Amino acid sequence: MRSHHFKPDKRGAVTVFLSIALAGLLSAVIVFSINAREEAEESYRRAILDLSSRSVLSEYDRRLFNDYGIVAFRGSNKYIEKQLMFYIKHTDIYSNNAFSLDLTLLDADTEGFEITNIDTFEDQIIKAAMYDKVSVFERQNQTEDTDDSLVTSIMIPENTGVIDTGKLPSSMNKEKGFEIDIPEIKSGGLKGLIAETGDKFLVNQYIFEHFNHLRSDNTAESFLSYEIEYIISGCSTDIENLDRVHKYFVALRTPVNIARIYADPAKVSAALAEAELLTPGPAVVATQALIIAAWAAEDAENEWDMVRRGMSVDALYYHDYLMIFLTLEDRDIKLLRMMDLIQVNLNNYYYDTFRISEFYTGFSVLAEFDDDEIMITHNY
């Protein structure tokens, strides 16, 4: 009997292989499609949240920006959530796509974005200073005048306004009574005490651009006439702030004048002769030192009268001395007192419930969906 050998059907094997491969390919396509849809849905949700958040940020206070270059919005966590829902719903309605938000939770948080946060506030101030169009130094040089016939006619304006410091940002700071510590004058002289670069320089430049002082011609509405003097001194009234700056000026100039007197042999001899008349004997040297210090302080008083009237002392004008004091001042106190002035002015000339503590520069949002959650953060 002859045996029969089985001959496999190659076409059938190929068909089976292709069927298996096609099934695998279809499975891969289905998985890819599902993943693509999930990614597209997440992108859609994230885009909606992103656009809605930017819409909330677009509600920044225009008066705060126009007057002080600060970009911040007034609100609260609940207000932000309400506005986000408004923008989300309207955007979703008109988007005409197959995706659904399925939003189950929306939680906004402004923590860390308070404009009253020292670092946040300083960042806003520095940005504003960098974009100020008018150079503070050019402006100040234009307002100072060395012509006696002009400067003697300038009178100190009276201002009966009194700041209620108990309700201002600086009232919460324990260092509110901080007084400027006059350092030893080094080789750079008094000009060496003025910050010429860095963040401190930009903050000081901003101050002169946006706040008034005794010699400025700023016509912007302000509750106090001597705002920079307030930033330096922190007192409730113009006259108190000017008196405090006066005291700082004398304290700054007196050591300089003492050194100048000691460098003049004729004045040293005159002081010694006067001391010998008052306290002859071993105490004469100490008395001489007291006499020279008194002369130096008297010279400082005369110099104060000169600079407050617009003249220079050692090539420095009134605004230069204010710049020195601002450079020496504690950073936090300076920024908090700037907040004080912004609040006082906008409270009096904008709306009477203005509180700078209610303003923020950004927020974070946690959005939860049926199958996912997204966290985003937005700020100016």
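Here are three short exercises, with worked solutions, on a sheet and two pockets of this predicted model.

**Exercise 1. The sheet**

Work out the strand order of the open sheet and which strands lie at its edges.

*Solution.* Start with the order: three strands run β2-β4-β5 across the open sheet, with antiparallel pairing. Next, look for strands that pair on one side only; these are β2 (103-109) and β5 (373-379), the edge strands. Now zoom in on one pair: β2 and β4 (residues 362-369) are joined in the antiparallel sense over 6 bridges. For a single example, Asp109 has Ser364 in β4 as its bridge partner. Finally, check the twist: on average, neighbouring strands of this sheet are turned by 15° against each other, direction ignored.

**Exercise 2. The largest pocket**

Find which residues lie nearest the centre of the largest pocket, and which helix gives the largest share of its lining.

*Solution.* Begin with the space itself, a volume of about 480 Å³. Its lining has 26 residues, and Asn66, Asp67, Tyr68, Gly69 and His210 lie nearest the centre. Then assign the lining to helices: α2 (62-68), α4 (118-131), α7 (198-210) and α13 (331-349) each supply at least two residues. The largest share, 5 residues, comes from α2. Last, sort the lining by character: 10 residues are nonpolar, 8 polar and 8 charged.

**Exercise 3. The second largest pocket**

Describe the volume and the lining of the second largest pocket.

*Solution.* First, the volume is about 180 Å³. Second, pick out the lining residues, among them Val162, Asp164, Phe223, Asn347 and Arg355. Third, classify the lining: it divides into 5 nonpolar, 3 polar and 3 charged residues.

Key. Residues are numbered from 1 along each chain as its sequence is written. This is a predicted model: local features need pLDDT of at least 70, side-chain atom pairs count only at pLDDT 80 or more; totals for chains, interfaces and linings use all residues. Side-chain values use heavy atoms; hydrogens and water are left out. Two strands pair if DSSP finds at least two bridges between them. Helices (H or I, at least four residues) and strands (E, at least two) are DSSP runs, numbered from the N terminus. Axes are lines fitted to C-alpha atoms, for helices over the stretch in contact, and angles run from 0 to 180 degrees between N-to-C directions. On a 1 Å grid over the protein atoms alone, a cavity is a set of points where a 1.4 Å probe fits but cannot get out, and a pocket is an open set with protein on both sides within 12 Å along at least five of seven lines; lining residues have an atom within 4 Å of a point. Grid points are joined across faces, edges and corners, and a volume is the space filled by probe spheres set on the points. Ala, Val, Leu, Ile, Met, Phe, Trp, Tyr, Cys and Pro count as nonpolar, Asp, Glu, Lys and Arg as charged, and the others, Gly among them, as polar.
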